[in-house]
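This report concerns internal cavities and the nonpolar surface of one protein. The sequence and structure are shown below.

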Amino acid sequence: MWRLFVLLLLLLMFEDSLQDSALIYSSINMSKFPKPKTFPGTKIVFNISQLSNTSIKPPEIKANSNVINYTTGIVSTRIIPSAYILAILIGIPSNVFVLDCLSRKKKLSSSILYFSLAVSDLLLLCSLTLRVHYHLNNNNWIFGELVCKVVTACFYGNIYCSIHAHMCISVMRYLAVVHPFFYKTMSKRYCAIWASLTIWVVFSIAMVPEFLVQQSYQVFGEQLVTCHDIQPYEEQSYNVLIPYRLSLICLGFILPSLVIAFVYGSILYYLNRSSRDWKHYMKASTLVFGIFLVCFAPCSALLFAHYVKLYTEKQFDLYYYYRAAVCLCSFHSCLDPFLSYLLTKTSTSRVKFRSFSSKPLKALSTV
């Protein structure tokens, strides 16, 4: 026992000298390596009375005068939030009404896809409520980093969910018109459930990278915190996100848009050859497809071109126009209930049309 006591005493005596030697050794070795590149943060000194109500400030980031002028300009702080408010006032009540109506129609397979579409539109519009506060507050985000990540993922994820829900609905209509016999024998309810679940799972996973990087930054020299608008793409972690976001645009918009264009073109071609008068439905289908392109194409095209220029030329001037074009996506979310109603009314359940082999086919209203 006494030997152990002597050993502990000797260790305590040499502890200070060992620590000093370790500090000197580490300082000599660390001086040989460059310091990691980080953003300057603001040191926060907490008082004991403030510990229960304190949040950590986001890291700072520098931005040029053009970015700051746009961020605090009238387009970003007045026009864009006004468009969002209009979409929210129209879209949230109408989509809630659609969800209430669809919850009573459990037998129709198409109600599952329309229900998925209404949910994605509703979540998108709800996420815009915080964006409205952000823009009206001079683009100053006050809700913290986690909420910024959730709103960003919810916005992009639900846009792509909405686009793919439109694609699935249009494919169902295409099968009903162009391949009616196959459509009649297929398990429509089973396909609709799996299509909706696949869309939600795929784009939920696709939004995970947005949670892995910092989204909110304190603008250096300014009293504002941006959410997703200003990011340090010279950093390796952000530079890798550019190909990811480009592929997301291809998967989320370009591919389903090509499918929808082919589907609506085929539907119009076959209905035009039908012996019955489908002019009202053809006009409604053309209007729906036209509104789809007007609302989603400018936003997606500008975002794609923005990331291409950012990746190749380190230019970001297209982002100004993209932020304005995003308003069109929000308007489509509030127009979806009315467009769905328009297509339903132009193909009543009592009307049947005949194929070119003169056999009765199922009504368009079943999809």
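## Lining of the second largest cavity

In this predicted model, the second largest cavity is bordered by Y84, L128, R131, V151, T152, F155, Y156, H228, Y322 and R323. Two or more lining residues come from each of helix 4 (110–136), helix 5 (145–178) and helix 12 (319–345). The greatest contribution is that of helix 5, which supplies 4 residues to the lining.

Sorted by class, the lining of this cavity comprises 6 nonpolar, 2 polar and 2 charged residues.

## Cavity count and volume

How many cavities of 30 Å³ or more does a search of the whole structure find? The search returns 5 cavities at that threshold. For the second largest cavity, the computed volume is about 80 Å³.

## Nonpolar surface patch

On the surface, I85, L86, L89, I90, L136, L335 and F338 make a nonpolar patch of about 600 Å². The elements giving two or more residues to the patch are helix 3 (74–102) and helix 12. Helix 3 provides the most, with 4 residues.

One of the patch residues is L89, which is located in helix 3. Is L89 buried or exposed? Its relative accessible area is 60%; because the exposed class begins over 50%, L89 is classed as exposed.

## Helix 12 in both features

Helix 12 is listed among the elements that give two or more residues to the cavity lining, and it is also listed among those that do so for the nonpolar patch.

Notes: Residues numbered from 1 in each chain as written. Predicted model: local features only at pLDDT ≥ 70, side-chain atom pairs only at ≥ 80, totals over all residues. Heavy atoms only, no water. 1 Å grid on protein atoms, 1.4 Å probe; cavity = no way out; pocket = protein on both sides within 12 Å on 5 of 7 lines; lining within 4 Å. Points joined across faces, edges and corners; volume = space filled by probe spheres on them. Nonpolar A, V, L, I, M, F, W, Y, C, P; charged D, E, K, R; others polar. Patch = residues over 30% accessible without salt bridge, like charges linked within 9 Å, V, L, I, M, F, W, Y side chains within 5 Å. Areas by Shrake-Rupley, 256 points an atom, 1.4 Å probe, with all protein chains shown as cover. Salt bridge = Lys/Arg side-chain N within 4 Å of Asp/Glu carboxyl O. Buried < 20%, exposed > 50% of the residue type's maximum accessible area, 1.4 Å probe, protein only.
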